[in-house]
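Here are a few notes to read alongside the model, in the order I would go through them myself. I hope they help you find your way around.

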Amino acid sequence: MTHNGWQQQPGQWQPQQPGAPRTQEVELPLQLRGPFLREFVPDGAYKHRGAQIAAVVFYKNGGHSVITVRGSQHQNKPLVGRPTSVCQVARGRHQVSFEMQLPTLGDQADFTCAVDVNWEVQDFHLVAEKRVVDVEKMLRPPLLDLFGEEL
């Protein structure tokens with residue numbers, strides 16, 4: 001008896017069914033509110049998939065790795081040891097739109113303005129650390145302060 005598959009009994013090996021997905025599909029929502037997508041604890045070593053998402057992998061010693069389709073950048077990554085947490089962050093350019101009330105000159109009345117913010121992540125590790133899930137909630141207070149002071 002050999003150890004290769006030629007001597008297997010018929011019916012033991014099942015081919016993949018036609019139409020069954022071979023890989024996990026990565027699809028970002030069209031109206032993405034912020035870059036932080038999710039956090040999970042991997043069962044073992046992390047295998048990165050998808051060009052639309054960057055992964056920030058955290059280790060027990062405090063080190064981290066930023067992994068994209070273009071490669072990896074490691075900061076204090078341990079030689080031995082598995083990740084303790086993985087955060088997924090959206091890549092690419094995105095837009096969030098919202099309305100806000102601004103005061104008129106002299107604070108006599110308010111008017112509604114539409115705000116369109118085009119954003120793209122430059123520091124994936126910082127997004128994971130700060131957990132930026134909603135760009136509007138992050139930008140609204142500084143915008144109100146900025147425009148309130150100018151008037």
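1. Let me begin with the charged cluster: a network of salt bridges links Arg33, Asp134, Glu136 and Arg140. Please keep in mind throughout that this is a predicted model. The count of salt bridges comes to four.

2. Within that network, take Asp134 and Arg33. Their salt bridge has its closest N and O atoms 3.8 Å apart, which falls within the 4 Å allowed for such a pair. The two residues come from distant parts of the chain, 101 residues apart: Asp134 sits in the loop between α1 and α2, and Arg33 in the segment before β1 (36–40). Asp134 counts as buried because its relative accessibility is 17%, and the limit for that class is under 20%. Arg33, with a relative accessible area of 33%, is partly exposed.

3. Arg33 has another partner in Glu136, and here the closest N and O atoms of the salt bridge are 2.4 Å apart. Because Glu136 lies in helix α2 and Arg33 in the segment before β1, this pair ties together parts that are 103 residues apart in sequence. Glu136 is buried, with a relative accessible area of 15%. You may like to look at the 2.4 Å between Glu136 and Arg33 on your screen.

4. Next comes a salt bridge between the side chains of Glu120 and Arg93, at 2.9 Å from N to O. Glu120 belongs to the loop between β7 (110–119) and α1, while Arg93 is in the loop between β5 and β6 (94–103); the pair links distant parts of the chain, 27 residues apart. How accessible is each partner? Glu120 is partly exposed at 38% relative accessibility, whereas Arg93 counts as exposed at 73%.

5. Two backbone angles deserve a look. Asn76 is not a glycine, yet its phi is positive, at about 60 degrees. Asn76 is found in the loop between β4 (71–75) and β5 (85–90), and it is exposed, with a relative accessible area of 53%. That value places Asn76 in the exposed class because the class begins over 50%. Arg131 also has a positive phi, about 55 degrees, without being a glycine; Arg131 lies in the loop between α1 (124–130) and α2 (135–150).

6. Pro83 is in the loop between β4 and β5. Is Pro83 buried or exposed? At 8% relative accessibility, Pro83 counts as buried. Beyond its neighbours within four places in sequence, Pro83 is in contact with Pro42, Gly44, Tyr46, Val57, Phe58 and Tyr59. The C-alpha atoms of Pro83 and Ala45 are separated by 6.9 Å, although the two residues are 38 residues apart along the chain.

7. Finally, do look at Gln88, which lies in strand β5. Gln88 is buried, with a relative accessible area of 13%. Which residues does Gln88 touch, not counting those up to four places away in sequence? They are Pro35, Phe36, Leu37, Arg38, Phe40, Tyr46, Ile53 and Ala54. Tyr46 is thus one to view from both sides: it is among the contacts of Pro83 and among those of Gln88.

Notes: Residues numbered from 1 in each chain as written. Predicted model: local features only at pLDDT ≥ 70, side-chain atom pairs only at ≥ 80, totals over all residues. Heavy atoms only, no water. Helix = DSSP H or I, 4+ residues; strand = E, 2+ residues; numbered from the N terminus. Buried < 20%, exposed > 50% of the residue type's maximum accessible area, 1.4 Å probe, protein only. Contact = heavy atoms within 4.5 Å.
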